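Biologist: I would like to understand how the labels on a model like this one are earned. Could you take me through the reasoning, label by label?

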Amino acid sequence: MTSATPTVATAENATAEVTVPEGRAVEEASVQLPTIDEPENLAPEDARQLSKTLFDRLNVLEEGTHEYQYVRNTLIEINLTLVRYSARRFRSRGDDMEDIVQVGTIGLIKAIDRFDLSREVEFTTFAIPYVVGEIKRFFRDTTWDVRVPRRLQEMRMDLARANDKLTAKLGRSPRVSELAEHLGVTEEEVVEGQVAANGYNSSSLDATVNDEEGEASLADVLGERDGAMDLVEDFHALKPLLAQLSDRDRKILEMRFGDEMTQAQIGEHLGLSQMHVSRLLSRSLSALREGMLAGS
């Protein structure tokens with residue numbers, strides 16, 4: 001394939017007086033701005049050379065002028081191949097490639113606005129991290145079916161990479177402890193990241209699934225909510241509070257709510273008056289209630 005060679009022409013609408021910042025000087029009062037046919041067909045080397053020339057021009061133009069916008073837009077056009085090249089890495093995600101290219105173009109524009117020729121770094125080397133970073137941010141922030149904190153989104157990606165690496169190394173799926181050691185995090189953080197990863201994709205309740213009796217909707221095969229599950233968290237919170245009570249107070253609570261004995265029966269069993277049992281119960285229940293509310 002023959003590479004397209006950029007042609008520089010003096011167009012009537014592309015030649016104008018250049019506003020030079022104070023302290024700068026140019027030899028000509030006007031600058032010939034390039035007119036490029038089919039910028040997407042420029043060969044990579046041509047695009048690199050032309051980009052250097054355009055960045056030189058951009059450096060002496062005043063931001064907001066017609067000439068500045070023309071040069072900036074031309075830089076965007078001739079470097080769109082960088083965006084398409086970077087976007088191909090994400091084609092397996094199932095999203096429309098044009099959407100990915102548009103997002104990557106935002107990264108390209110940021111790179112153009114922040115590039116400094118004095119750093120002596122190739123623009124392609126400088127721009128690709130901006131383009132890829134913008135695309136990754138797009139997937140991280142917008143493609144989760146269930147919204148989760150960003151740290152867990154990042155943990156999911158770290159876990160995916162670590163899982164692939166350790167699976168290849170160990171010849172089996174890594175354990176939670178091995179993932180935690182590899183990533184330098186706790187096992188609890190690994191489990192939290194694995195649970196959060198379930199929010200990346202979701203299925204409709206009307207989705208068709210196969211069971212022993214044939215096809216059915218997902219809603220038909222899901223179990224019902226167990227109301228008693230709501231008590232599990234309360235029981236866990238209550239356990240350390242009960243441990244702080246005296247043996248007698250715990251015994252009274254057990255007889256009253258476990259054995260369903262009356263206050264009179266409890267008093268008779270412990271050799272206490274009913275009034276005393278009532279006061280002890282009220283004191284214990286108040287302490288438990290305050291502890292539960294303080295921890296909520």
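Modeller: Gladly! Let's begin with a cut-off: a residue is buried under 20% relative accessible area, exposed over 50%, and partly exposed in between. Keep in mind that this is a predicted model.

Biologist: Then what makes Glu260 count as exposed?

Modeller: Its relative accessibility is 65%, and exposed means over 50%. Glu260 therefore counts as exposed. You will find Glu260 in the loop between helix 11 and helix 12.

Biologist: What is the sign of phi at Glu260?

Modeller: Glu260 has a positive phi of about 60°, although it is not a glycine. Most residues other than glycine have a negative phi. Just after helix 7, Gly184 also takes a positive phi, of about 70°.

Biologist: Why is Glu192 called partly exposed?

Modeller: Glu192, which is found in helix 8 (residues 187-196), has a relative accessible area of 34%. Partly exposed is the class between 20% and 50%, so Glu192 is partly exposed. Its C-alpha atom is separated by 9.4 Å from that of Arg156, 36 residues apart along the chain.

Biologist: And how do you know whether Leu253 is buried or exposed?

Modeller: The cut-off for buried is under 20%. Leu253 has 10% relative accessibility, so it counts as buried. Leu253 lies in helix 11, and among the residues it touches are Leu242, Leu245, Leu281 and Leu288. The C-alpha atoms of Leu253 and Leu281 are 7.0 Å apart, with their positions 28 residues apart along the chain.

Biologist: Moving on to helix pairs, why are helix 1 and helix 2 called roughly antiparallel?

Modeller: They pack at an angle of about 160°, with axes 10 Å apart. Angles over 145 degrees count as roughly antiparallel, and helix 1 and helix 2 are therefore given that label. Their crossing is left-handed.

Biologist: Which residues make the contact between helix 1 and helix 2?

Modeller: From helix 1 they include Leu50, Leu54, Phe55 and Leu58, and from helix 2 they include Tyr68, Val71, Leu75 and Ile78. By class, this contact has nine nonpolar, two polar and two charged residues.

Biologist: What makes helix 11 oblique to helix 12?

Modeller: The axes of helix 11 (residues 247-258) and helix 12 (residues 263-270) come within 10 Å and cross at roughly 140°. Roughly antiparallel needs an angle over 145 degrees, and roughly perpendicular runs from 65 to 115. The angle fits neither class, so helix 11 is oblique to helix 12. The crossing is right-handed. Ile252, Met255 and Arg256 of helix 11 meet Gln263, Ile266, His269 and Leu270 of helix 12. These residues divide into four nonpolar, two polar and one charged.

Biologist: What makes up the largest nonpolar core?

Modeller: It has 30 residues, and those with the most contacts inside it are Phe55, Leu75, Leu108, Ile112, Phe123 and Ile135. Helices 1, 2, 3, 4 and 5 each give two or more residues to this core, and helix 5 gives the most, with seven. As for Leu108, its contacts include Ile76, Leu80, Val83, Phe123 and Val131. A second, separate core of 11 residues includes Met261, Ile266, Leu280 and Leu281.

How values were computed
Residues numbered from 1 in each chain as written. Predicted model: local features only at pLDDT ≥ 70, side-chain atom pairs only at ≥ 80, totals over all residues. Heavy atoms only, no water. Axes fitted to C-alpha atoms, helices over the stretch in contact; angles between N-to-C directions. Helix = DSSP H or I, 4+ residues; strand = E, 2+ residues; numbered from the N terminus. Parallel < 35°, antiparallel > 145°, perpendicular 65-115°, else oblique. Left-handed = near helix turned anticlockwise from the far one by under 90°. Contact = heavy atoms within 4.5 Å. Nonpolar A, V, L, I, M, F, W, Y, C, P; charged D, E, K, R; others polar. Core = buried A, V, L, I, M, F, W, Y, C linked by side-chain atoms within 4.5 Å. Buried < 20%, exposed > 50% of the residue type's maximum accessible area, 1.4 Å probe, protein only. Lists of a residue's contacts leave out its neighbours within four places in sequence.
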